[in-house]
Amino acid sequence: MGFKPVFTNRSVSASRATPNTFARELFAPLPRRYNTLNQVLSFGQDRRWRAAMVEHVVGAEPRLILDVACGPCAVTKRLAKRTDAKIVGLDVSADMLGAGQQNVQRSGLQERVALVLARGEQLPFADETFDALTFTYLLRYVDDPAATIKELARVLKPGAPMANLEFAVPDKLVWHVSWWCYTRWVLPVAGFLTGGKGWWDVGRFLGPSISTHYRQYPVDWTLRAWEHAGIEHVERRTMSLGGGIVIWGYKSGRS
Ligand SMILES: C[S@@+](CC[C@H](N)C(=O)[O-])C[C@H]1O[C@@H](n2cnc3c(N)ncnc32)[C@H](O)[C@@H]1O
């Protein structure tokens, strides 16, 4: 990769970190066709959601961005397209990062993007390193979402934007029922038919994972966790009848 991010001695290699085994095993068979299948299985909504999230950090004209849980780098590439920043993509899965590296190279972005194998819960960077931070579909995979949000906020400079994309559960009964049927029945079968056993497993996992997460950590709880982590002006936008949510805010202490 073209530039080297500055690490601190807080660095913990993902291979030594035991708590994330589930995420690494779940994502191991997926990278090859991840972006294409993601689009198919979300009816093309995924791309809209990522674009909406990225717009919340673009206005700050960041020079250095951290993209946490970057996977195969769809968000990373979008950030590169919409800003002039250098971008660090970070993920706990070596397989996903391998696909990310190929995507970055295919797009000729290797001078602007560096990829790092590490955990979102324990970032190998000093306080106040980044001008902006994005994270996507991360909090359902961590043991302590509040502590993870705090850790993400730690590496942001005062005033810097943070933006997140996550699946959500539609509120309205009619959409809720449709969403439930889609995630419990259609998603596993469509996943299997388009991507085989790995995507069947993800399809079966995804719906219950989203429901369980929001039972434990409702959206209002999450917004408060952002504020407790020192992020202010926190806002949210639900998209696609409530199937996706973008949250954004700014690290406090802007002069
Ligand atoms: C659904 S994928 C999303 C990838 C990408 N951001 C996108 O929009 O397509 C979730 C990613 O989170 C990563 N992940 C899960 N737990 C993580 C953790 N604790 N720290 C960093 N990355 C994690 C997975 O390896 C996976 O690549």
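Axes here are lines fitted to C-alpha atoms, for helices over the stretch in contact, and the angle between two of them runs from 0 to 180 degrees between N-to-C directions. The model is predicted.

**Exercise 1.** Work out how α6 and α9 are oriented to each other, then find what joins them.

*Solution.*
- Step 1. Locate the helices: α6 spans residues 145-154, and α9 spans residues 219-228.
- Step 2. Take the geometry. The two axes come within 9 Å and cross at roughly 40°.
- Step 3. Apply the cut-offs. Angles under 35 degrees count as roughly parallel, and 65 to 115 as roughly perpendicular. The pair α6 and α9 is therefore oblique.
- Step 4. Add the hand: α6 passes α9 in a right-handed crossing.
- Step 5. List the contact. Pro145, Ala146 and Ile149 of α6 meet Trp221, Thr222, Ala225 and Trp226 of α9.
- Step 6. Sort by class: six nonpolar, one polar and no charged residues.

**Exercise 2.** Do the same for α7 and α8.

*Solution.*
- Step 1. Helix α7 covers residues 173-195, and helix α8 covers residues 197-216.
- Step 2. Their axes come within 6 Å and cross at roughly 165°.
- Step 3. Angles over 145 degrees count as roughly antiparallel. So α7 and α8 are roughly antiparallel to each other.
- Step 4. The crossing of α7 and α8 is right-handed.
- Step 5. Pick out contact residues. Among them are Trp179, Leu187 and Phe192 of α7, with Trp199, Trp200 and Ile210 of α8.
- Step 6. By class, the α7 and α8 contact holds ten nonpolar, six polar and three charged residues.

**Exercise 3.** Describe the meeting of α3 and α4.

*Solution.*
- Step 1. The axes of α3 (residues 45-58) and α4 (residues 74-82) come within 10 Å and cross at roughly 45°.
- Step 2. That angle makes α3 oblique to α4.
- Step 3. The crossing of α3 and α4 is right-handed.
- Step 4. From α3, the contact includes Arg50, Met53 and Glu55; from α4, it includes Arg78, Leu79 and Arg82.
- Step 5. The classes are eight nonpolar, no polar and four charged residues.

**Exercise 4.** Find the residues closest to the ligand, then check the polar distances.

*Solution.*
- Step 1. The ligand is surrounded by 22 residues; Arg50, Ala69, Asp91, Gly120 and Glu121 are the closest.
- Step 2. Start with Arg50, also a contact residue of α3. A polar side-chain atom of Arg50 lies 2.8 Å from a ligand oxygen atom.
- Step 3. Turn to Ala69. A polar backbone atom of Ala69 is 2.7 Å from a ligand nitrogen atom.
- Step 4. Finish with Asn20. A polar side-chain atom of Asn20 lies 3.1 Å from a nitrogen atom of the ligand.

Conventions
Residues are numbered from 1 along each chain as its sequence is written. This is a predicted model: local features need pLDDT of at least 70, side-chain atom pairs count only at pLDDT 80 or more; totals for chains, interfaces and linings use all residues. Side-chain values use heavy atoms; hydrogens and water are left out. Helices (H or I, at least four residues) and strands (E, at least two) are DSSP runs, numbered from the N terminus. A crossing is left-handed if the near helix is turned anticlockwise from the far one by less than a right angle, and right-handed if clockwise. Contact means heavy atoms within 4.5 Å. Ala, Val, Leu, Ile, Met, Phe, Trp, Tyr, Cys and Pro count as nonpolar, Asp, Glu, Lys and Arg as charged, and the others, Gly among them, as polar. A residue is near a molecule or strand if one of its heavy atoms lies within 4 Å of it. A polar contact is a pair of N or O atoms within 3.5 Å; within protein, one must be able to donate a hydrogen and the other to accept it, and residues adjacent in sequence count only if both atoms are side-chain atoms.
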